[in-house]
Amino acid sequence: MSGVDLSGAPAKISFRGVRKSYDNVPVLERVDLDLAENSFTCLLGPSGCGKSTLLNMIAGFAAPTAGEVLVGGRRVDGPDADRGVVFQEYALFPWRTALQNVAFGPMLKRLPRREQQVIARKYLALVGLSGHEDKYPSSLSGGMKQRVAIARALANDPSVLLMDEPFGALDAQTRETMQEELLRIWERERKTLVFVTHSISEAIFLADRIVVMGTRPGGIKEVLDNDLPHPRDRTHAGFIEMERHIKQILRAEVQKLGVI
Ligand SMILES: Nc1ncnc2c1ncn2[C@@H]1O[C@H](COP(=O)(O)OP(=O)(O)OP(=O)(O)O)[C@@H](O)[C@H]1O
């Protein structure tokens, strides 16, 4: 049975009593979480708390040790084109042009060549890369490569988009631009988006739900609903207050580890 989000809408993604261990070492304690369809959730927490593990279980790259993960009411038992993934390190094919990279999913679906190109051009345009179709990744900047990676994930028209620190390697200015672009794309494409980040400010800027995670035991510390109006202003009192609150939770977690 699929869960119900706090808003009353049926959950698109549900974790039911999920635990995860690697080689008998527990990484995640019991996780119960429901994410609504078309919601934007950020997973935030100290290094090693299991953010990527949680994301990978939605993607189907990792299986829970106990419990289950449901997407659209169906148990995840492996990767699926309906769940697109974008990683920090771009993961583009260096020998394929931007267009060929984005057309990769439609090609795997064996769509006619012309249709593959139409889809790839559409998503490259959506991420602001019209005119760069024939460039190879080596001649694109970090921000442009990440735009191609996003377009490639979107070209499969997934209902769920999973992003693992996608802007972590970008300079501060490019990162802020990409955050704004991503919100624009999310508003237009209406995907259920789950985004892993280390940055408190990035999480508050982007997400309507922030899942703050902790270590030892790894798991969810707090789930915050973020209803600050868009476009979000990082100097707004509500923004700063939320930042302060999350910092407090994370500081306590890091102190538990004896790091500071
Ligand atoms: N495939 C694996 N095999 C063994 N241990 C793993 C594996 N993947 C992750 N781990 C361990 O699980 C813990 C959680 O890792 P995970 O990458 O999910 O954390 P994270 O919060 O995403 O970390 P970071 O912010 O540093 O990327 C870490 O201690 C990590 O070493």
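Two strands pair if DSSP finds at least two bridges between them.

**Figure 1. Strand 6 and strand 7 in the predicted model.** Strand 6 and strand 7 pair in the parallel sense, with four bridges between them. One residue of strand 6, Gly84, has Leu161 of strand 7 as its bridge partner. Strand 6 is covered on both faces: Arg83 and Val85 are buried on one side, and Gly84 and Val86 are buried on the other. Helix 5 (residues 142-154) lies across strand 6 and strand 7 (160-164). The angle between helix 5 and strand 6 is about 170°.

**Figure 2. The six-stranded open sheet.** The strand order is 6-7-8-3-9-10, and the pairing is mixed. Strand 6 (83-86) and strand 10 (219-225) stand at the edges; each has a single partner strand, so one side of each has no neighbour in the sheet. From one strand to the next, the twist averages 20°.

**Figure 3. Pairing of strand 3 with strand 8.** Five bridges join strand 3 (residues 40-44) to strand 8 (residues 192-197), and the sense is parallel. Cys42 has Phe195 in strand 8 as its bridge partner. In the sheet order 6-7-8-3-9-10, strand 8 is followed by strand 3.

**Figure 4. The four-stranded open sheet.** Here the order is 2-1-4-5 and the pairing is antiparallel. The edges are strand 2 (25-36) and strand 5 (74-75); each has a single partner strand, so one side of each is left without a neighbour in the sheet. Strand 1 (residues 11-22) and strand 2 run antiparallel and are joined by eight bridges. Lys20 stands opposite Leu28 of strand 2.

**Figure 5. The shell of residues around the ligand.** The residues around the ligand are Tyr22, Val27, Gly45, Ser47, Gly48, Cys49, Gly50, Lys51, Ser52, Thr53 and His198. Helix 1 (residues 51-59) supplies three residues, the largest share of this shell. By class, the shell has three nonpolar residues, seven polar and one charged.

**Figure 6. Confidence of the predicted model.** The average pLDDT of the chain is 92, and 94% of the residues score at least 70. The model has an ipTM of 0.97 and a pTM of 0.93. Where pLDDT is low, the predicted coordinates should not be read in detail.

Key. Residues are numbered from 1 along each chain as its sequence is written. This is a predicted model: local features need pLDDT of at least 70, side-chain atom pairs count only at pLDDT 80 or more; totals for chains, interfaces and linings use all residues. pLDDT is the predictor's confidence in each residue, from 0 to 100. Helices (H or I, at least four residues) and strands (E, at least two) are DSSP runs, numbered from the N terminus. Axes are lines fitted to C-alpha atoms, for helices over the stretch in contact, and angles run from 0 to 180 degrees between N-to-C directions. Two residues are in contact if their C-beta atoms, placed from the backbone, lie within 7 Å. A residue is near a molecule or strand if its C-beta atom, placed from the backbone, lies within 6 Å of it. Ala, Val, Leu, Ile, Met, Phe, Trp, Tyr, Cys and Pro count as nonpolar, Asp, Glu, Lys and Arg as charged, and the others, Gly among them, as polar. A residue is buried if 20 or more other C-beta atoms lie within 10 Å of its own, exposed if 12 or fewer, and partly exposed in between; C-beta atoms are placed from the backbone.
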